[in-house]
Amino acid sequence: MILPKASRLTPDQVAQIIEIAAAFGCRIQTIVGTERSIYAIVGDERDDLLINRLEGLDFVERVDRIQSPHKLMDRRSDLASHRVQVGGVTLGEELFVIAGACTIDPKNPQLFLETAHAVKEAGAQALRGGVWKPRTNPYTFQGESKSLEILMEAHRQTGLPVDAEVMDEEQLRLALDAGVHTLQVGARNALNYSLLRAIGRAVADRPVAVLLKRGLHMGPIAEFISAAEYIVSQGNPNILLCPRGTAPALDGYRNHPDESITPLLKEKTWAPVVVDPSHSVGKAAFVPACALAAVAYGADGLCIEAHVEPGRGIGDDPKQALTPAALKETITRARALRRLLRPV
Ligand code: PEP
Ligand code: MN
């Protein structure tokens, strides 16, 4: 919908917008109002270049899009009836919980294996474990491929589906070959479009899910949804949207908690929302409150860092991982809250 700066366009100006629209296979329908005329674009208006060209005209005030640029992720899409699966678990009914260590310590596999059993005992349906880590500080431990074997051993021992972050195509290949059930796209890569597309392509014909974290510096909500569209457009709709806090941080927290975008995401898309309270607040003592807030906002699941002995963990675990007892209590309370909030 094109809104002109003046109350209506001159015939010459109308000819200009008709010509631009025609180059994108669209036509213009004039809607004559008493005060003002507006000009509807009839046809597929999703190409940003069409909007940019029209907005570039000095007689155009603005152009409002009617169609969603993320047509597959849109709530009105045919995919809305799709039920996302992680391993054998279908999202939607019980609150879904994925928990485990920030970073697997390749020198101490036992700690991760014990964590995996503890996470299962606490009620989580999926296990997370960082194999390769995106580190702000290049001199900090960056993860090791060896940890992939530890992650898969934990899967064999517990039966839980496992999640690992991948940051490039080599890691993507290794993770899929090993049999990882959920690929995590971290906050730093949420706008890495070639990686998003490569992941989408790689999972197109596999029963693998993708947990897409919200970018650290992401702006409009549409940016997050469009990132998901990059993956889903390649053919596999098993996607989980994961708000995990944004920068700049709320004073005292690790990031700015953003579980409150859950209802917005659910209004605009059909995808399950799995909130990560651990990276959001960044301190174990605050994680349970953030997790409960996420449930109150309507989250379908939680992604929580947990460790049998957080103090012996590496990566984020010493600060933000929950102990098995705290995880169990958080899961129990979060599931009870979800039941309480279910429509009567
Ligand atoms: C993580 O899950 O450990 C992690 C690094 O997440 P994020 O990308 O949200 O920082
Ligand atoms: Mn972490």
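**Exercise 1. Determine how many helices and strands the chain contains, and how the chain is divided.**

Solution. The chain holds 12 helices and 14 strands. Helices (H or I, at least four residues) and strands (E, at least two) are DSSP runs, numbered from the N terminus. The model is a predicted one, in which local features need pLDDT of at least 70 and side-chain atom pairs count only at pLDDT 80 or more, while totals for chains, interfaces and linings use all residues. Residues are numbered from 1 along each chain as its sequence is written, chains are lettered from A and ligands numbered from 1 in the order in which they are written, and side-chain values use heavy atoms, with hydrogens and water left out.

Next, the division: domain 1 covers 2-65 and domain 2 covers 85-341, with bounds from an automatic or database domain assignment. Taken over C-alpha atoms, the centres of domain 1 and domain 2 are 43 Å apart. Along the principal axes, the C-alpha atoms of the chain fill a box of roughly 75 × 45 × 40 Å. Of the 344 residues, 51% count as buried, that is, under 20% relative accessible area, with exposed meaning over 50% and partly exposed in between (1.4 Å probe, protein chains only).

**Exercise 2. Establish the strand order of the open sheet of eight strands and identify its edges.**

Solution. The order is E12-E11-E10-E9-E8-E7-E14-E13, and the pairing is parallel. The edge strands are E12 and E13 (274-275), each of which pairs on one side only. Two strands pair if DSSP finds at least two bridges between them. Strands of a sheet pair through backbone hydrogen bonds, either parallel or antiparallel.

**Exercise 3. Describe the surroundings of strand E8 (residues 126-129).**

Solution. Begin with the side chains: Ala126 and Arg128 point one way from E8, Leu127 and Gly129 point the other way, and all are buried.

Then take the neighbour E7 (residues 96-101), which pairs with E8 in the parallel sense over four bridges. Within this pairing, Ala99 stands opposite Leu127. The connection runs through helix H3 (residues 109-121), giving a right-handed β-α-β unit of E7, H3 and E8. Right-handed means that, with the strands pointing away from the viewer, the path from the first strand over the helix to the second runs clockwise.

Finally, turn to E9 (residues 162-165), which is joined to E8 by two bridges in the parallel sense. Here Leu127 stands opposite Val162. E8, helix H4 (residues 146-158) and E9 form a right-handed β-α-β unit.

**Exercise 4. Characterise Thr158 of helix H4.**

Solution. Thr158 lies in helix H4. Thr158 counts as buried because its relative accessible area is 4%. A polar atom of the Thr158 side chain lies 3.1 Å from the backbone nitrogen of Leu160.

**Exercise 5. State which residues come nearest to ligand 1, and list polar contacts of the ligand.**

Solution. There are 13 residues around ligand 1, and Arg128, Lys133, Ala187, Lys213 and Arg244 come nearest; a residue is near if one of its heavy atoms lies within 4 Å. Polar contacts are pairs of N or O atoms within 3.5 Å; within protein, one must be able to donate a hydrogen and the other to accept it, and residues adjacent in sequence count only if both atoms are side-chain atoms. Among them are these pairs with an oxygen atom of ligand 1:

- Lys133, through a polar side-chain atom, at 2.8 Å.
- Arg244, through a polar side-chain atom, at 2.6 Å.
- His279, through an N or O atom in its side chain, at 3.1 Å.

Ligand 1 taken alone exposes 300 Å², of which the protein buries 98%; accessible areas come from the Shrake-Rupley method with a 1.4 Å probe, and for residues only the protein chains shown count as cover.

**Exercise 6. Locate the cis peptide bond next to Pro248.**

Solution. The bond joins Ala247 and Pro248, with omega about 0 degrees. Pro248 is placed in the loop between strand E12 (239-242) and helix H8 (262-268).

**Exercise 7. Analyse the pairing of strands E2 and E3.**

Solution. E2 (residues 27-32) and E3 (residues 37-42) run antiparallel and are joined by six bridges. One bridge places Ile28 against Ile41 in E3. A hairpin of four residues links E2 to E3.
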